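Here are a few exercises on pockets and helix packing. Have a look at the model, try each task, then check the solution below it.

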Amino acid sequence: MRFEAITNEMAMSKLAAFIACTPAEKVAYVRSRSEVVRHEDLSDLSDQHILDSLVSLESRMQSYIDRFNKVKCAITPGLILDSDLIAKTNEFFNVAVPAGIESILQALEPGDGVTPAGNEELTRAIDTLFSDRQHMREQLELIYTSIKKPELVCEVIRTDARTYKKLYYPVLNRIIKGLEVPFALAFPAFLGIESCLLVHSAGLRVNQTYTPKVSGFSNEFLMYLMLHEVTHLLRYTSDTAYVFEGTTQVSDFDVYSMTSLPAENNHNADNYTVLILNALALMHKEGRIDLRNY
């Protein structure tokens with residue numbers, strides 16, 4: 001999996017290009033994308049069924065394009081995520097995240113009565129966050145397989161308060177109320193943009209002011225955001241609970257906290273994100289990975 005940065009202008013152009021494709025090109029794109037991103041085999045669906053399902057998605061995409069054309073002179077031009085952050089994100093997802101998932105899957109393997117070093121702590125985290133281990137295992141295996149695909153691309157848009165308020169919020173607020181200043185968002189329904197993520201300047205500011213719980217893991221908060229949104233893109237996870245629930249200040253944020261994540265939320269984005277981060281923190285403590293690289 002690799003991450004690439006695009007501007008808001010590029011994003012709107014990609015949406016328009018998809019809408020302009022022929023029906024056959026759209027069907028081929030959707031079939032391929034579904035298989036690569038979420039391992040969904042759409043061979044049992046007719047071409048017409050797929051085209052019919054695109055009608056509402058394309059209407060929503062067109063709403064963003066129309067909004068962009070209306071406000072493009074009033075938004076910040078050329079916003080793009082810093083190349084160093086993209087490089088760190090790529091390394092984190094291609095090196096650290098797969099290693100973290102592997103350690104979780106290994107902890108789930110039946111043992112011979114001897115608990116490997118560190119597995120006891122990791123097992124406690126698993127039991128705290130998930131009541132259905134089998135479902136969790138299946139989802140983690142699918143996330144792992146997707147991340148390991150070199151052909152999987154995630155395009156990341158950077159926005160600021162003005163651009164978000166003028167371009168994205170007016171359309172989003174018709175669908176999901178209350179997302180006035182999100183840290184980041186996943187846009188799985190943006191076709192033509194590969195597994196689209198939007199990172200808000202508010203999230204980048206928190207990343208700079210937040211004190212990492214793992215000393216030296218300077219982009220700890222940003223990697224939390226990216227991992228949370230990627231679980232939405234790859235597995236359609238829900239947002240039924242958040243790790244920061246009940247906190248009001250950045251100084252209270254703890255991306256490893258399990259306090260507000262009930263184990264019954266077996267398909268919640270933060271349950272997966274926090275579990276993977278706890279596995280990585282444990283590996284860092286044991287010297288098996290160095291989170292200071294990120």
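**Exercise 1. Work out how much space the second largest pocket holds, and what lines it.**

Solution. Keep in mind that this is a predicted model. Start with the volume: the second largest pocket comes to about 170 Å³. Next, go round the wall. Its lining is made up of E121, L122, R124, A125, K213, V214, Y256, M258, N278, A281, L282 and K285. Now map that lining onto the secondary structure: the elements that supply two or more residues are α5 (119-129) and α10 (269-285). Last, sort the lining by class, and you get seven nonpolar, one polar and four charged residues.

**Exercise 2. Do the same for the largest pocket, and find which element gives the most to its lining.**

Solution. The volume first: the largest pocket holds about 1000 Å³ of space. Its lining counts 41 residues, and the closest to the pocket centre are A186, F187, P188, E229 and H232. Two or more lining residues come from each of α2 (23-38), α3, β3 (184-187) and α9 (220-235). The top contributor is α3, with seven residues. By class, the lining splits into 27 nonpolar, seven polar and seven charged residues.

**Exercise 3. Helix α3 also packs against helix α7; describe how the pair is arranged and which residues touch.**

Solution. Begin with the geometry. Helix α3 (residues 47-71) and helix α7 (residues 161-172) have axes 9 Å apart, at an angle of about 150°. Angles over 145 degrees count as roughly antiparallel, so that's the label for α3 and α7 at about 150°. As for handedness, the crossing of α3 past α7 is right-handed. On the α3 side, R60, S63, Y64, R67, F68 and V71 make the contact, while α7 brings K166, L167, Y168, P170, V171 and L172. Sort the residues of this contact and you find eight nonpolar, one polar and three charged.

**Exercise 4. Are α8 and α9 parallel or oblique to each other?**

Solution. Take the angle first: the axes of helix α8 (residues 201-209) and α9 cross at roughly 140° and come within 7 Å. The roughly antiparallel class needs an angle over 145 degrees, and the roughly perpendicular one spans 65 to 115. That's why α8 and α9 count as oblique to each other. To finish, look at who touches whom: α8 uses G203, L204, V206 and N207, and α9 answers with E220, F221, L222 and L225. This contact has five nonpolar, two polar and one charged residues.

Conventions: Residues are numbered from 1 along each chain as its sequence is written. This is a predicted model: local features need pLDDT of at least 70, side-chain atom pairs count only at pLDDT 80 or more; totals for chains, interfaces and linings use all residues. Side-chain values use heavy atoms; hydrogens and water are left out. Axes are lines fitted to C-alpha atoms, for helices over the stretch in contact, and angles run from 0 to 180 degrees between N-to-C directions. Helices (H or I, at least four residues) and strands (E, at least two) are DSSP runs, numbered from the N terminus. A crossing is left-handed if the near helix is turned anticlockwise from the far one by less than a right angle, and right-handed if clockwise. Contact means heavy atoms within 4.5 Å. Ala, Val, Leu, Ile, Met, Phe, Trp, Tyr, Cys and Pro count as nonpolar, Asp, Glu, Lys and Arg as charged, and the others, Gly among them, as polar. On a 1 Å grid over the protein atoms alone, a cavity is a set of points where a 1.4 Å probe fits but cannot get out, and a pocket is an open set with protein on both sides within 12 Å along at least five of seven lines; lining residues have an atom within 4 Å of a point. Grid points are joined across faces, edges and corners, and a volume is the space filled by probe spheres set on the points. Angles under 35 degrees count as roughly parallel, over 145 as roughly antiparallel, 65 to 115 as roughly perpendicular and the rest as oblique.
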